[in-house]
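Q: Could you take me through how a ligand site is read from a model of this kind?
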Amino acid sequence: MIRLRKLARAASLLTTPLAPEDILSLFNPVFSARQLRGVVTRVVPETADSATIFFRPGRGWQAHLAGQWARIGVELDGVRHWRSYSLSAPAGQDPAITVTDMGAVSGALVRGTKPGDVLFLAPPQGDFVLPEHPRPLLMLTAGSGITPVMSMIRTLVPHRPDSDVVLIHTARTAADTIFREELAELADQFPNFRVTHWFTGEQGRLDFTSAADLDRLCPDWRQRAAYACGPEGFLDDAETLWEAEAAEATEAPSAVEGSLTIERFSTKLAGGEGHDGGLVTFEASDREVEADGDTPLLDVGEDAGILMPSGCRMGICHSCLIPLRAGHVRDLRTDEVHGEPGQLIQTCVSAAAGPVNLDL
Ligand SMILES: Cc1cc2nc3c(=O)[nH]c(=O)nc-3n(C[C@H](O)[C@H](O)[C@H](O)COP(=O)(O)OP(=O)(O)OC[C@H]3O[C@@H](n4cnc5c(N)ncnc54)[C@H](O)[C@@H]3O)c2cc1C
Ligand code: FES
């Protein structure tokens, strides 16, 4: 590290107008005094539309806990886009993300990434992590929702062979199932780890409107700590089932005892519909855009070509905070209108409620 600093000082004497860290980054792509970066070490295709990208992070990265996620920045046509991805590697190993192609950024990651590429990074975060005290677990996952749970399984199962873990994973077909072979190998090797695959292409949706499917697939599900990750409908239904079972618990002692912990990759923004928007002024960028009342200001800014800070795009990471200069915004999750000059607003879940001035 001291050598790097000396090199930076020497570089600063020799170089202008490039900053020393720019010169150092030519030799070491993950060196940056300003922005955490990682260099891609390996790309492994998983299914026809998903791949795992392993990377070696630079200084400033913190080791992840199994189940956590990180913001990953990718440059497309000279614009840096940030998205969140769960870290699928086990805790204690170099990080990896497993990405499913479903849009511009994920598509570029899955199809265009190669060893040696540089990713922009933010440190791992999130509280969808393994419980501190060992207890029987039920993992309910769908599609790419397997990624944080895979990190948990890889961390727990081989190191605690006594741990009792049931995974119920749904995907459209066997060919769409990420990590299928590895899961089968783990289940063969560790009898306390049981996997059930549910192929929606053949069996239809796993039905959480009653407990019947779960009772059949995992009879003791009510006694397990459950972790779920998947599309919104899947998680909403699971949440409703657990709530209904918990409500019964007071009358029936055999009802649900285990908790349900959920990780969402996206959120439904219900508010805003039918409300008026207004003129949005991005003061520092000297841009004015007419916006409706239900489009997040993050999208309004990006569509206007403004470099907007962002991360999870669903109101959980606070990476998109921007000071409001004037006007009011509507929180698209709650429909609540608020706004004081100087207040920091989350642009990913806020829409214009009349004219708005932003300090960006
Ligand atoms: C905490 C967290 C962890 C995540 N972990 C992963 C992960 O491990 N692997 C992974 O592939 N993705 C993960 N995501 C989703 C990821 O951040 C991006 O949203 C996703 O890759 C799509 O980005 P995009 O720019 O390619 O698509 P966009 O251009 O943003 O969207 C393209 C289209 O897909 C829809 N869409 C976007 N995201 C989803 C979604 N998750 N489910 C269904 N439709 C969607 C959009 O509404 C839009 O219609 C995670 C998200 C969060 C918040
Ligand atoms: S981008 Fe994460 S809270 Fe807005």
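A: A polar contact is a pair of N or O atoms within 3.5 Å. In this predicted model, local features need pLDDT of at least 70 and side-chain atom pairs count only at pLDDT 80 or more, whereas totals for chains, interfaces and linings use all residues. Residues are numbered from 1 along each chain, and side-chain values use heavy atoms, without hydrogens and water.

Q: Which atom of ligand 1 does the backbone of T98 approach, and at what distance?
A: A backbone N or O atom of T98 lies 3.0 Å from a nitrogen atom of ligand 1, while oxygen atoms of the ligand pair with a polar side-chain atom of R83 at 2.7 Å and with a polar backbone atom of G103 at 3.3 Å. Taken alone, ligand 1 exposes 910 Å² (Shrake-Rupley, 1.4 Å probe), of which the protein buries 71%.

Q: Which elements give two or more residues to the shell around ligand 1?
A: Helices (H or I, at least four residues) and strands (E, at least two) are DSSP runs; here the elements are β4 (79-86), β5 (96-100), α3 (104-112) and β11 (260-264), with β4 giving the largest share, four residues.

Q: Why does ligand 1 lie between the domains?
A: Domain bounds come from an automatic or database domain assignment, and ligand 1 lies between domain 1 (35-121) and domain 2 (137-264) because both give residues to the shell around it.

Conventions
Chains lettered and ligands numbered in written order. Polar contact = N/O pair within 3.5 Å; in protein donor to acceptor, adjacent residues only side chain to side chain.
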